[in-house]
Each structure stands twice: as C-alpha cells, then as structure tokens.
Amino acid sequence: MAEYKHSVSLDVSKCTGCTTCLRRCPTEAIRIRDGHAVISPVKCIDCGECIKVCQHKAKKAVHDSLSCLEKYKYKVALPAPSLYGQFDHMDNIGYIIRGLKDLGFDDVFEVACAAELVSAYTRLYIKRSDVKKPVISSACPTISRMISMNYPFLIENVMPILPPVDIAAYLAHEHAKTVHPELSEEEIGIVFISPCPAKVSYVKNDFSGERNYITDVVSIRDVYFSLLDVMKKREDEPLETTESGLIGIGWATTGGEATAIFNERYLAADGIENCIRVLDQIDNEDITSLDFVELNACDGGCVGGAMTVANPYIAQARLQALKRYLPVSPNRPASEWIPTEFFNENSIEYTPAHLLSEDRRIARQMMSEIESIKESLPGIDCGSCGAPTCMAFAEDIVRGEANVDECTVIMKMLFHRYLEEHKEKSVLDKLASDAAFKKSARAGEEAPGNASGPNPEGEAE
Amino acid sequence: MSEPIRFHYDVDGENFTSAGEASVAVKKKLRQLGYPPDVIRKVSIAMYEGEINMVIHANGGAADVEVHDDKIVIILADHGPGIPNVELAMQEGYSTARDNIRALGFGAGMGLPNMKKYTDDMKIDTEVGVGTTITMTVNL
C-alpha cells in the first residue's frame, strides 16, 4: 500500500511538549518525544482535534494556498457549504459567489448543489434490498478512516456513492470541458475550499481513485480573509445567486445529510468520541432498525472543521438564516438510477493500525508483558512520560519506544526512597539551602532527558 | 501451548450507561493481538450481551477473558438472582425485563440466544438466589 499522506503536521519550533493534544487524540497517535509532539502516521486519522486544542498553534493543517490559481488557465472554485456560515451580517450567498470570482476564479460550482444529488441518490440507494443496513455516510473521511482501522465488519455498510465534493468536481470538470473544449487537462484547476484537513488527505491520497478531479484543496480559513477583502470593496447587490437549496446547505451541519433521506429511521451524530461509541454499538448489532447513519467527526458537523473560522454553532445559526427563503432541493438527478461514475471505485480496505506484531505468537507475548508492566505503573494517566495513558506507556515500553524511568511518578517514589536511605534533609530544606539544586530543578523543563528528574548533585547541564 | 492472557473487568451494576465498556476494551485488545475480525466480532457481541444481562439482572458482576492461541474463553460471573428456568430463558423473545429497562431498548429477549449464537460453546451454571456463571468459548 502506498504511504498515507497526512494533512495534520507539527511546527516543532512552536511545540512546547505540553500534553494537551496527547490526551485529545482519539486514536492515541501522539507521543511527546524529545520535548515535542510526534504524530504516528499509521494511527493518525486527520481529525484535526489536535489542531483545535493546541494553544501554541504548533499543530497545523497542510493544504494548498490560493496562489495555486496561477497554475491554471481556467479555475473553478468548489466552496463547501460550511463556507457560507463563516460571515457575519451576510444575507445572500451571492456575495460569496461573486467574491470568489473577484478572487480570480472563472467559475463557481457549489458543493451544496452536488450534495443535493447525493441526497437524492442516497434515497434511492437505501431502498435497494441488497444493501447492508444501516447505510453509513461516506462524507466524513475521518469516519471512513476510523472504520477502515477498527471496524472491518462495517466497511460494507459505508455508502459506495462518492461524497458531494467529488461529484461537484466531476460535474465542474465536465462543464469546463464543454464550455472550453480547447483547454487541456493541465489548464483546468478544480479547487476545493475545505473546512477540514481530513478532506485534504482524502484528495491527496486519491481515495476516490480515477475519479479524483480535484486539483487543489485550500482552507476556508485562508479563503475567508481574502474573500472578506474583496467582498468589502463592492457595495452593490450581487447579481450572482446560489443554485443550492436548503438540503444542500444543510449538509454543513449535523443532521442535514440524514434528514434529507426523508425517512425517520436515521441517526446523526457528531464529535469523534460520540461517533466511536455509535460505531461500537452498530458493530455489536445493538442498534437495529436504522436505515441511515450520518457521522461527523467534528462537533456540529463540517462547520466544526479545523480549517474554519467561526464557532460551529454560530455558523449553524447563520446558515439557518441563509436557508430561509431557499427552495428545498433545486438540484435533482436526471435519472432514477445512480450513474456508475458517481460510485467510488475504491472500497475501504481493512488496515488495523494498532497491531502489536504481525506474528500472533509475538503479539501475545508482548501483550503479557504490557499487562504486567501496567500493573506497576501508577495508573493516573498524567502524560508526563509522553504517552497519553499508563497503558499506552506500557505498550511503548514493550515496543522498545520508551523506557520505564520516563515515568515521573515512579522516579519521584525512587527519589524519596533515596532521600530517606541517605538521610537527606527534606526536599524543602534542600531547596531553601541549595541554590544549585533550585536552579537545576527549574531547568529540568528544558534539560534533555528530563525524565531522570532534577539532579540533586547540582548543575543540570 | 502458551499460557493464556487473562483480562479481568468489574462490571458495574449501578451504572447502566457504562454497560458494554468491558466488551469494547476486549475488542481493542484482540485487535492489537491480530485475531481474525470474525472472531473479534463474535467475542465482542457475546460479551456485550452478557455484560448487559449482568447489569440488568444481577447488579453487575465480573468478566474474565482468557485469550488462548486457539480460542477465547469469556467467563461472566454474578451474584444475582439466578435463572430459575434456563430452557425458558434460552428461548428467543423470552424476557423478564421490567418496563424501565425495555424503555432503554433492552429486554428484547435476545440476550442469551445471541450469546449462544455467536459462540461455539456456552455453559450456564446457575443457582436461584446464589448467582450465575456463564462460560462462553469462541474457537479460532
């Protein structure tokens, strides 16, 4: 398998090695090593949780920049519906469409329009007698990756129809070829304006196979500021209007996709932890009589993506206002069947990411060791060792990636024992009397191999 | 033949919302060990049903899982009321669950039948007023 291209990255110079992201990572993909975070490419699902919680702005989403427009003769913008909820006091989506054209795009194809087609196809798909229920939405790439890692039996449930952005890209590409037959493939730029890094990974890893027409993925955050600039410059009413209806725009928030199946046997969840619980219950056959399951890794749905600007719930309120006088679903498929080009050729592959060893005998041996090491660890999951939990730390030790003396609680205990055995003065007395000790204790934060703790003998360096 | 790896979980009878957590934990372990997905699924479903039963009927109990090379053994032990008529309890749809439990979507009478369906062997030791121990085996 080709190496997975991730879209969550780390700026080592900004990372302080604090443990905030460590604990928020739903797949335990992060460790703190040598004073900064390290992300496991195997376990990372590009959910962007670490980007959202990092106070030092050290975690970043990798995406293309708007300068990508220079590469093409004909540029089409594919704005995600969540983009529409980013702007305050904006009562007409036409402003955004005109703004995108002012930024240099030749055409705009709203992803919301394609979403309405996907909703129509979903309604057809779930009526088929040969599909495994509940059908799980394929729109959130983080969820699809989670399923590929942990839920082999649910792979079949994932809807094989391409997500709206791919269909938008396909249609935009077709349209570009029709209006400008003289253009070569390289001259057409299809640029997705994305709310989340997971979509960047999805595109960069060609998850939609041959049918990937998206050439670049830029972030809503980047586009937001450029758009604000151009939108402010024009005060006249835009002549552009949105071609989407309320169903398409509804896809930006939790429940939008699910309610569009026009059937009450659906479940819509958001937040990665909630989604994991739902997947576990479906996997245990504990949720029955559902036709459709919509899972969004981000709180609030796509409006909660790590590359958005507005708070997801504020964005949702704005979208509600924008949806108000829109038709239900002006985009309807031409046929009563689902065109083959709208199916994803690539099915999800089971790729267990947490395997201890390919050899089960070795894996069992490692597991026994992990269990016995775990017994001697404090069990407080403090994260000081660089692992998110004592259990993960025990695993790291057995994998040879960590050393037990990195546990500060154990080291503290040993240190106290040492003080007692050597009849040393209490730590406070020592701190008060020994300037060198004090200095080394404070320097401990920066000292390499800090795990060995403050050095009572004096200088740390 | 190597020693089995043993996992022990206390199933809290007071907290309905945490029911099912032990089976999720075991599923995670088995994935790490690289057991085949269908085996993991059988263990997970059977154990989940058993766990829910212990919470509903017996105010919790203990779940012990032995992971062998060639099989996985799940032992669910409680000090609940016991099952007066095992044959009846094994019938699909038979349920003694109270309305408040049914309101949560449980008590459909599929617990024990499902446990049997997803395991290769199931043994029920039960005594009224003393408790129940269910031993389930999933072979590889």
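**Exercise 1. What percentage of the 140 residues of chain B count as buried? Then judge how the chain's radius of gyration fits a compact globule.**

Let's begin with burial, remembering that this is a predicted model. A residue is buried if 20 or more other C-beta atoms lie within 10 Å of its own. By that criterion, 37% of the 140 residues of chain B are buried.

Next comes overall size. For 140 residues, a compact globule would have a radius of gyration near 14 Å, and chain B has 14 Å, so the two agree. Along the principal axes, the C-alpha atoms of chain B fill a box of roughly 45 × 30 × 25 Å.

**Exercise 2. Work out which elements make up chain B and in what order they run.**

Start with the tally: chain B holds five helices and five strands. Now walk from the N terminus, and the elements read β-α-α-β-β-α-α-α-β-β.

Finish with the contacts. Taking those in chain B between residues at least 6 apart in sequence, 60% join residues at least 24 apart.

**Exercise 3. Describe the domains of chain A and locate its largest nonpolar core.**

First, the division: chain A has domain 1 (8-61), domain 2 (66-342) and domain 3 (360-452). Between the C-alpha centres of domain 2 of chain A and domain 3 of chain A there are 47 Å.

Second, the core. The largest nonpolar core contains 105 residues, and Val76(A), Ala168(A), Ile190(A) and Cys275(A) are among those with the most contacts inside it. Helix H4 (residues 111-127) of chain A provides the largest share of this core, nine residues. At least three residues of this core come from each of domain 1 (8-61) and domain 2 (66-342) of chain A.

Third, zoom in on one member. Leaving aside residues up to four places away in sequence, Cys275(A) touches Ile143(A), Ala269(A), Leu295(A) and Ala297(A).

Last, look for a second cluster. Another core, of 46 residues, lies apart from the largest one, and it includes Ile397(A), Leu30(B), Ile40(B) and Leu112(B).

**Exercise 4. How many residues of chain A are in contact with chain B, and which helix gives the most?**

Count each side: 20 residues of chain A are in contact with 13 residues of chain B. Now assign the chain A side to elements. Helix H11 (272-283) and helix H13 (360-376) of chain A each supply at least two residues, and H13(A) gives the most, with six residues.

Then sort by character: the side of chain A that touches chain B has eight nonpolar, four polar and eight charged residues.

Conventions. Residues numbered from 1 in each chain as written. Chains lettered and ligands numbered in written order. Predicted model: local features only at pLDDT ≥ 70, side-chain atom pairs only at ≥ 80, totals over all residues. Core = buried A, V, L, I, M, F, W, Y, C linked by C-beta atoms within 7 Å. Buried ≥ 20, exposed ≤ 12 C-beta atoms within 10 Å, placed from the backbone. Helix = DSSP H or I, 4+ residues; strand = E, 2+ residues; numbered from the N terminus. Domains from an automatic or database assignment. Contact = placed C-beta atoms within 7 Å. Nonpolar A, V, L, I, M, F, W, Y, C, P; charged D, E, K, R; others polar. Rg over C-alpha atoms; globule rule 2.2 N^0.38 Å.
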